[in-house]
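Biologist: I should be grateful for a close look at a single part of this model, set in its context. Please give the cut-offs behind each term you use.

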Amino acid sequence: MAVSYYQRHVKWVYIKKLLPWMVFGVLLGVLGGNAISEKTFTYSMVVIIIGSTFMMYYWEQQKTQKVPSHWSFSGLMGVLAGFTTMVGNLAGAFANIYFLAMRLPKNEFIGTAAWLFFIINVFKVPFHVLVWETINWSSLKISATLLPFVVLGFVLGVQIVKKIENDNYRKLILLFTALGGVAILFK
Amino acid sequence: MRAFITAKDKVLNNIKRIASRYFKKLFFYKDAQFQWANTSTVVLQIRPIFAPIMLAEIPFFSYAFLLAAGSALLLGISKAGIKGIAALIVTGLALVYGAKNSTGIMMPFSLVEIYWPFPIIKDT
(Lines give C-alpha, C1' and ligand atoms only; values in the text may rest on other atoms or scores of the structure.)
Protein backbone atom coordinates (compact mmCIF):
# COMPACT_ATOMS: atom_id res chain seq x y z
CA MET A 1 0.00 0.00 0.00
CA ALA A 2 1.35 3.35 -1.06
CA VAL A 3 -0.12 4.98 2.03
CA SER A 4 1.91 2.83 4.43
CA TYR A 5 5.10 2.95 2.37
CA TYR A 6 5.11 6.72 2.06
CA GLN A 7 3.91 7.36 5.62
CA ARG A 8 7.31 8.69 6.66
CA HIS A 9 7.20 11.26 3.85
CA VAL A 10 3.75 12.62 4.67
CA LYS A 11 3.53 16.32 5.43
CA TRP A 12 0.46 16.41 7.63
CA VAL A 13 0.48 20.19 7.76
CA TYR A 14 -0.49 20.35 4.06
CA ILE A 15 -3.16 17.70 4.51
CA LYS A 16 -4.63 19.68 7.40
CA LYS A 17 -4.67 22.79 5.22
CA LEU A 18 -6.29 21.19 2.17
CA LEU A 19 -8.54 18.61 3.81
CA PRO A 20 -11.26 21.02 5.06
CA TRP A 21 -11.56 22.53 1.57
CA MET A 22 -11.74 19.10 -0.01
CA VAL A 23 -14.32 17.95 2.53
CA PHE A 24 -16.34 21.06 1.66
CA GLY A 25 -15.99 20.21 -2.03
CA VAL A 26 -17.07 16.61 -1.42
CA LEU A 27 -20.13 17.78 0.52
CA LEU A 28 -20.99 20.18 -2.31
CA GLY A 29 -20.66 17.27 -4.72
CA VAL A 30 -22.86 15.04 -2.53
CA LEU A 31 -25.61 17.65 -2.20
CA GLY A 32 -25.35 18.77 -5.82
CA GLY A 33 -25.24 15.22 -7.15
CA ASN A 34 -28.25 14.28 -5.06
CA ALA A 35 -30.30 17.28 -6.15
CA ILE A 36 -29.72 17.16 -9.88
CA SER A 37 -31.08 14.71 -12.42
CA GLU A 38 -29.05 11.89 -13.95
CA LYS A 39 -28.84 13.90 -17.16
CA THR A 40 -27.45 16.99 -15.42
CA PHE A 41 -25.07 14.74 -13.47
CA THR A 42 -23.83 13.34 -16.77
CA TYR A 43 -23.29 16.86 -18.13
CA SER A 44 -21.37 17.80 -14.96
CA MET A 45 -19.18 14.74 -15.35
CA VAL A 46 -18.50 15.55 -18.99
CA VAL A 47 -17.51 19.12 -18.04
CA ILE A 48 -15.18 17.71 -15.36
CA ILE A 49 -13.65 15.14 -17.71
CA ILE A 50 -13.06 17.63 -20.52
CA GLY A 51 -11.98 20.37 -18.09
CA SER A 52 -9.48 18.03 -16.41
CA THR A 53 -8.19 16.90 -19.79
CA PHE A 54 -7.60 20.44 -20.98
CA MET A 55 -6.03 21.34 -17.65
CA MET A 56 -3.65 18.36 -17.88
CA TYR A 57 -2.79 19.32 -21.48
CA TYR A 58 -2.27 22.98 -20.58
CA TRP A 59 -0.18 22.01 -17.57
CA GLU A 60 2.08 19.81 -19.66
CA GLN A 61 2.61 22.56 -22.24
CA GLN A 62 3.73 25.07 -19.63
CA LYS A 63 7.49 25.54 -19.49
CA THR A 64 7.46 27.20 -16.09
CA GLN A 65 4.86 25.83 -13.71
CA LYS A 66 4.21 28.92 -11.63
CA VAL A 67 1.10 28.93 -9.51
CA PRO A 68 -0.33 31.56 -7.16
CA SER A 69 0.66 31.06 -3.54
CA HIS A 70 -2.32 32.92 -2.05
CA TRP A 71 -4.45 30.84 0.33
CA SER A 72 -7.59 31.46 -1.74
CA PHE A 73 -6.01 29.65 -4.70
CA SER A 74 -5.29 26.61 -2.53
CA GLY A 75 -8.81 26.81 -1.14
CA LEU A 76 -10.30 26.93 -4.62
CA MET A 77 -8.18 23.97 -5.72
CA GLY A 78 -9.26 22.06 -2.60
CA VAL A 79 -12.97 22.68 -3.22
CA LEU A 80 -12.62 21.80 -6.92
CA ALA A 81 -10.64 18.65 -6.06
CA GLY A 82 -13.29 17.63 -3.50
CA PHE A 83 -16.13 18.24 -5.91
CA THR A 84 -14.45 16.49 -8.84
CA THR A 85 -13.43 13.48 -6.76
CA MET A 86 -17.05 13.03 -5.65
CA VAL A 87 -18.66 13.58 -9.06
CA GLY A 88 -16.01 11.96 -11.23
CA ASN A 89 -13.27 10.33 -9.13
CA LEU A 90 -10.95 12.88 -10.75
CA ALA A 91 -9.29 14.95 -8.07
CA GLY A 92 -5.74 14.57 -9.35
CA ALA A 93 -5.79 17.38 -11.88
CA PHE A 94 -6.58 19.98 -9.20
CA ALA A 95 -4.94 18.48 -6.11
CA ASN A 96 -1.61 18.08 -7.90
CA ILE A 97 -1.57 21.80 -8.70
CA TYR A 98 -2.01 22.54 -5.01
CA PHE A 99 0.91 20.30 -4.09
CA LEU A 100 3.03 21.83 -6.83
CA ALA A 101 2.15 25.24 -5.42
CA MET A 102 3.43 24.08 -2.05
CA ARG A 103 6.70 23.08 -3.77
CA LEU A 104 6.93 19.72 -2.02
CA PRO A 105 9.82 17.39 -2.86
CA LYS A 106 8.90 14.32 -4.93
CA ASN A 107 8.55 11.75 -2.13
CA GLU A 108 6.70 14.18 0.14
CA PHE A 109 4.47 15.05 -2.81
CA ILE A 110 3.56 11.39 -3.42
CA GLY A 111 3.23 10.44 0.24
CA THR A 112 1.08 13.45 1.13
CA ALA A 113 -1.13 13.04 -1.96
CA ALA A 114 -1.55 9.28 -1.32
CA TRP A 115 -2.66 9.88 2.26
CA LEU A 116 -4.89 12.80 1.36
CA PHE A 117 -6.71 10.77 -1.33
CA PHE A 118 -6.96 7.76 0.97
CA ILE A 119 -8.59 9.86 3.72
CA ILE A 120 -10.93 11.61 1.29
CA ASN A 121 -11.90 8.32 -0.39
CA VAL A 122 -12.76 6.76 2.99
CA PHE A 123 -14.76 9.90 3.79
CA LYS A 124 -16.71 9.50 0.53
CA VAL A 125 -17.81 5.91 1.16
CA PRO A 126 -20.73 6.60 3.56
CA PHE A 127 -22.14 9.16 1.13
CA HIS A 128 -21.93 6.68 -1.72
CA VAL A 129 -23.66 4.04 0.40
CA LEU A 130 -26.27 6.07 2.28
CA VAL A 131 -26.98 9.23 0.26
CA TRP A 132 -26.35 8.43 -3.39
CA GLU A 133 -26.80 4.68 -2.95
CA THR A 134 -24.27 4.18 -5.72
CA ILE A 135 -22.43 1.56 -3.66
CA ASN A 136 -24.80 -1.34 -3.19
CA TRP A 137 -24.84 -5.09 -3.78
CA SER A 138 -25.29 -4.59 -7.52
CA SER A 139 -22.36 -2.18 -7.81
CA LEU A 140 -20.19 -4.45 -5.64
CA LYS A 141 -21.06 -7.38 -7.89
CA ILE A 142 -19.98 -5.35 -10.93
CA SER A 143 -16.78 -4.30 -9.15
CA ALA A 144 -16.13 -7.97 -8.30
CA THR A 145 -16.68 -8.91 -11.95
CA LEU A 146 -14.22 -6.25 -13.07
CA LEU A 147 -11.61 -7.19 -10.45
CA PRO A 148 -9.87 -9.89 -12.57
CA PHE A 149 -9.40 -7.32 -15.34
CA VAL A 150 -7.93 -4.81 -12.88
CA VAL A 151 -5.45 -7.45 -11.65
CA LEU A 152 -4.58 -8.35 -15.26
CA GLY A 153 -4.16 -4.64 -16.02
CA PHE A 154 -1.82 -4.26 -13.06
CA VAL A 155 0.34 -7.14 -14.30
CA LEU A 156 0.38 -5.59 -17.79
CA GLY A 157 1.04 -2.14 -16.35
CA VAL A 158 4.06 -3.41 -14.46
CA GLN A 159 5.54 -4.54 -17.79
CA ILE A 160 4.52 -1.36 -19.63
CA VAL A 161 5.80 1.07 -17.01
CA LYS A 162 9.32 -0.33 -17.42
CA LYS A 163 9.25 0.24 -21.19
CA ILE A 164 7.55 3.61 -21.64
CA GLU A 165 10.18 6.21 -22.35
CA ASN A 166 8.46 9.03 -24.19
CA ASP A 167 5.39 11.03 -23.35
CA ASN A 168 3.76 10.93 -26.80
CA TYR A 169 1.21 8.39 -25.61
CA ARG A 170 -0.05 11.00 -23.15
CA LYS A 171 -1.35 13.25 -25.93
CA LEU A 172 -3.16 10.30 -27.49
CA ILE A 173 -4.74 9.45 -24.14
CA LEU A 174 -5.83 13.07 -23.65
CA LEU A 175 -7.42 13.05 -27.12
CA PHE A 176 -9.24 9.77 -26.43
CA THR A 177 -10.41 11.10 -23.08
CA ALA A 178 -11.83 14.28 -24.62
CA LEU A 179 -13.58 12.23 -27.34
CA GLY A 180 -14.93 9.83 -24.71
CA GLY A 181 -16.21 12.76 -22.68
CA VAL A 182 -18.15 13.98 -25.70
CA ALA A 183 -19.36 10.42 -26.42
CA ILE A 184 -21.04 10.27 -22.99
CA LEU A 185 -23.31 13.11 -24.11
CA PHE A 186 -24.60 11.06 -27.02
CA LYS A 187 -25.15 7.92 -24.99
CA MET B 1 -37.49 -33.18 -58.20
CA ARG B 2 -36.44 -34.30 -54.71
CA ALA B 3 -32.98 -33.37 -53.62
CA PHE B 4 -30.81 -36.38 -53.21
CA ILE B 5 -29.49 -36.62 -49.65
CA THR B 6 -26.70 -39.04 -49.02
CA ALA B 7 -26.20 -40.94 -45.80
CA LYS B 8 -23.14 -38.85 -45.18
CA ASP B 9 -25.19 -35.60 -45.42
CA LYS B 10 -27.75 -37.05 -43.03
CA VAL B 11 -25.10 -37.84 -40.46
CA LEU B 12 -23.52 -34.41 -40.86
CA ASN B 13 -26.87 -32.66 -40.53
CA ASN B 14 -27.64 -34.60 -37.37
CA ILE B 15 -24.27 -33.73 -35.89
CA LYS B 16 -24.82 -30.03 -36.73
CA ARG B 17 -28.32 -30.08 -35.22
CA ILE B 18 -27.21 -31.74 -31.99
CA ALA B 19 -24.10 -29.58 -31.70
CA SER B 20 -26.01 -26.33 -32.24
CA ARG B 21 -28.67 -27.40 -29.69
CA TYR B 22 -26.04 -28.10 -27.03
CA PHE B 23 -23.99 -25.07 -27.97
CA LYS B 24 -27.04 -22.89 -27.58
CA LYS B 25 -27.91 -24.57 -24.29
CA LEU B 26 -24.39 -24.13 -23.00
CA PHE B 27 -23.60 -20.60 -24.07
CA PHE B 28 -26.73 -18.76 -25.06
CA TYR B 29 -29.75 -17.60 -23.20
CA LYS B 30 -32.92 -19.36 -24.21
CA ASP B 31 -34.12 -16.20 -25.92
CA ALA B 32 -30.80 -15.46 -27.56
CA GLN B 33 -31.28 -12.56 -29.93
CA PHE B 34 -29.79 -9.28 -30.98
CA GLN B 35 -30.93 -6.46 -28.78
CA TRP B 36 -30.54 -2.71 -28.83
CA ALA B 37 -28.62 -2.16 -25.60
CA ASN B 38 -28.23 0.96 -23.46
CA THR B 39 -24.86 1.72 -24.93
CA SER B 40 -26.36 2.00 -28.41
CA THR B 41 -24.51 -1.11 -29.50
CA VAL B 42 -25.95 -4.31 -30.86
CA VAL B 43 -25.51 -6.89 -28.16
CA LEU B 44 -25.81 -10.63 -28.51
CA GLN B 45 -27.17 -12.03 -25.31
CA ILE B 46 -24.82 -14.80 -24.30
CA ARG B 47 -24.87 -16.65 -21.01
CA PRO B 48 -22.36 -14.97 -18.70
CA ILE B 49 -19.61 -17.26 -17.43
CA PHE B 50 -19.89 -15.63 -14.01
CA ALA B 51 -23.67 -15.76 -14.04
CA PRO B 52 -24.10 -15.38 -10.26
CA ILE B 53 -22.05 -12.19 -10.04
CA MET B 54 -22.84 -10.64 -13.41
CA LEU B 55 -25.72 -8.30 -13.90
CA ALA B 56 -28.21 -9.42 -16.49
CA GLU B 57 -28.33 -6.03 -18.20
CA ILE B 58 -24.68 -6.24 -19.26
CA PRO B 59 -24.12 -9.58 -21.02
CA PHE B 60 -20.67 -11.02 -20.56
CA PHE B 61 -19.95 -11.04 -24.29
CA SER B 62 -21.05 -7.63 -25.46
CA TYR B 63 -19.46 -4.41 -26.62
CA ALA B 64 -20.61 -2.80 -23.40
CA PHE B 65 -18.89 -5.37 -21.22
CA LEU B 66 -15.78 -5.23 -23.40
CA LEU B 67 -15.65 -1.47 -22.80
CA ALA B 68 -16.10 -1.98 -19.05
CA ALA B 69 -13.44 -4.71 -19.00
CA GLY B 70 -11.10 -2.48 -21.03
CA SER B 71 -11.62 0.35 -18.53
CA ALA B 72 -10.91 -2.06 -15.67
CA LEU B 73 -7.77 -3.17 -17.48
CA LEU B 74 -6.69 0.50 -17.76
CA LEU B 75 -7.50 0.94 -14.07
CA GLY B 76 -5.09 -1.89 -13.26
CA ILE B 77 -2.47 -0.34 -15.55
CA SER B 78 -2.88 3.01 -13.77
CA LYS B 79 -2.39 1.24 -10.43
CA ALA B 80 0.98 0.09 -11.73
CA GLY B 81 2.04 3.72 -12.12
CA ILE B 82 1.03 4.88 -15.61
CA LYS B 83 -0.34 8.35 -15.03
CA GLY B 84 -2.88 10.34 -16.98
CA ILE B 85 -5.43 7.64 -17.78
CA ALA B 86 -7.83 8.18 -14.88
CA ALA B 87 -10.17 10.35 -16.95
CA LEU B 88 -10.26 7.71 -19.68
CA ILE B 89 -11.23 5.04 -17.14
CA VAL B 90 -14.00 7.22 -15.68
CA THR B 91 -15.25 7.90 -19.22
CA GLY B 92 -15.33 4.21 -20.17
CA LEU B 93 -17.20 3.14 -17.05
CA ALA B 94 -19.61 6.08 -17.37
CA LEU B 95 -20.40 5.05 -20.94
CA VAL B 96 -21.32 1.54 -19.82
CA TYR B 97 -22.93 1.96 -16.41
CA GLY B 98 -24.02 5.61 -16.45
CA ALA B 99 -22.26 8.62 -14.93
CA LYS B 100 -23.49 8.35 -11.34
CA ASN B 101 -23.43 4.56 -11.04
CA SER B 102 -19.88 4.41 -12.36
CA THR B 103 -18.61 6.49 -9.42
CA GLY B 104 -19.85 3.82 -7.00
CA ILE B 105 -18.43 0.98 -9.08
CA MET B 106 -15.01 2.66 -9.12
CA MET B 107 -14.93 3.48 -5.39
CA PRO B 108 -13.68 0.09 -4.08
CA PHE B 109 -10.72 0.33 -6.45
CA SER B 110 -9.99 3.92 -5.40
CA LEU B 111 -9.56 2.74 -1.81
CA VAL B 112 -6.81 0.31 -2.77
CA GLU B 113 -3.49 1.89 -3.63
CA ILE B 114 -0.78 -0.58 -4.46
CA TYR B 115 2.83 0.26 -3.79
CA TRP B 116 5.06 -0.30 -6.76
CA PRO B 117 8.63 0.94 -6.93
CA PHE B 118 7.89 3.35 -9.79
CA PRO B 119 6.62 6.29 -7.82
CA ILE B 120 4.82 8.26 -10.49
CA ILE B 121 2.19 10.75 -9.41
CA LYS B 122 -1.20 9.42 -10.33
CA ASP B 123 -4.51 11.02 -11.13
CA THR B 124 -6.97 10.02 -8.47
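Modeller: The account below takes up one helix, then its chain, and then some individual residues of the other chain.

The model is predicted: local features need pLDDT (the predictor's confidence in each residue, from 0 to 100) of at least 70, side-chain atom pairs count only at pLDDT 80 or more, and totals for chains, interfaces and linings use all residues. Residues are numbered from 1 along each chain as its sequence is written, while chains are lettered from A and ligands numbered from 1 in the order in which they are written.

The part chosen is helix α3 of chain B, residues 86–97. Helices (H or I, at least four residues) and strands (E, at least two) are DSSP runs, numbered from the N terminus. From first C-alpha to last, the 12 residues of α3(B) reach 16 Å, close to the expected 16 Å; that expectation is 1.5 Å times one less than the number of residues. The helix is mostly covered, with 12 of its 12 residues buried. A residue is buried if 20 or more other C-beta atoms lie within 10 Å of its own, exposed if 12 or fewer, and partly exposed in between, with C-beta atoms placed from the backbone. Among the buried residues are B:Leu88, B:Ile89, B:Thr91, B:Gly92 and B:Tyr97. After α3(B) comes B:Gly98, with a positive phi near 95 degrees.

Chain B as a whole contains four helices and two strands, in the order α-β-β-α-α-α along the sequence. Of its 124 residues, 40% are buried. Two residues are in contact if their C-beta atoms, placed from the backbone, lie within 7 Å; of the contacts in chain B with a separation of 6 or more, 34% join residues 24 or more positions apart.

Chain A averages a pLDDT of 79, and its confidence is highest in helix α2 (residues 12–35), at a mean of 90. A:Val26 lies in that helix, α2 of chain A, and is buried because 24 other C-beta atoms lie within 10 Å. Beyond its neighbours within four places in sequence, A:Val26 is in contact with residues including A:Gly82, A:Ile120 and A:Phe123.

Two loop residues of chain A also have positive phi. A:Asn89, between α4 (71–88) and α5 (92–101), has a phi near 55 degrees and is buried, since it has 28 C-beta neighbours inside 10 Å. A:Glu133, between α6 (106–131) and α7 (137–163), has a phi of about 55 degrees, but is partly exposed because 15 other C-beta atoms lie within 10 Å.
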